[in-house]
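Biologist: Let us go through this model strand by strand. Where shall we begin?

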Amino acid sequence: MAKLIIDRDEYHLPDGAAIGAVCEQAGIPFCCNTGVCGACKVEVLDGAENLSELTEEEKALGMDRKNRLSCQCCIKRGTVKITY
Ligand code: FES
């Protein structure tokens with residue numbers, strides 16, 4: 001079980017789960033859901049290594065390990081802390 005912390009709220013997800021639905025539920029704005037618009041951008045405060053590798057869509061929008069598109073990320077394991 002992995003833990004995603006969005007500001008002060010904690011969410012528990014199965015290892016390997018996509019984080020998009022939880023992020024959207026937490027109030028992060030979503031639009032395209034395909035990594036094109038950039039609306040769902042989050043800053044990774046801790047645990048960047050526990051997120052999936054950057055997608056081509058994220059690279060195209062200039063993301064890096066600390067700045068991710070939440071519609072494109074899966075949490076591999078452990079704890080990840082993000083803010084938006
Ligand atoms: S919702 Fe458009 S990039 Fe994630």
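Modeller: This is a predicted model. Start with one pair: I6 stands opposite a residue of β5.

Biologist: Which residue in β5 does I6 stand opposite?

Modeller: Strand β1 (residues 2–6) and β5 run parallel, joined by 4 bridges. Within β5, the residue opposite I6 is I82.

Biologist: Which residues of β5 point to the buried face?

Modeller: In a regular strand, side chains alternate between the two faces of the sheet. β5 shows such alternation: T79, K81 and T83 point to one face and are not buried. Pointing to the other face, and buried, are V80 and I82.

Biologist: In what sense do β3 and β5 pair?

Modeller: Two pairs can be named here. E43 stands opposite T83 in β5, and D46 stands opposite K81. Over 3 bridges, the pairing of β3 with strand β5 (residues 79–83) is antiparallel.

Biologist: Which strands stand at the edges of the sheet?

Modeller: The sheet is open, with 5 strands in the order β2-β1-β5-β3-β4 and mixed pairing. An edge strand has a single partner, so one side is left without a neighbour in the sheet. The edge strands are β2 (9–13) and β4 (67–69).

Biologist: Is S52 buried or partly exposed?

Modeller: S52 lies in the loop between β3 (41–46) and α2 (56–60). Burial needs 20 or more C-beta neighbours within 10 Å. S52 has 15 inside 10 Å, so S52 counts as partly exposed.

Biologist: How far apart in space are S52 and K76?

Modeller: Beyond four places in sequence, S52 is in contact with C73, C74 and K76. S52 and K76 are 24 residues apart in sequence. From C-alpha to C-alpha, the distance is 6.3 Å.

Terms used
Residues numbered from 1 in each chain as written. Predicted model: local features only at pLDDT ≥ 70, side-chain atom pairs only at ≥ 80, totals over all residues. Helix = DSSP H or I, 4+ residues; strand = E, 2+ residues; numbered from the N terminus. Buried ≥ 20, exposed ≤ 12 C-beta atoms within 10 Å, placed from the backbone. Contact = placed C-beta atoms within 7 Å. Pairing = 2+ DSSP bridges.
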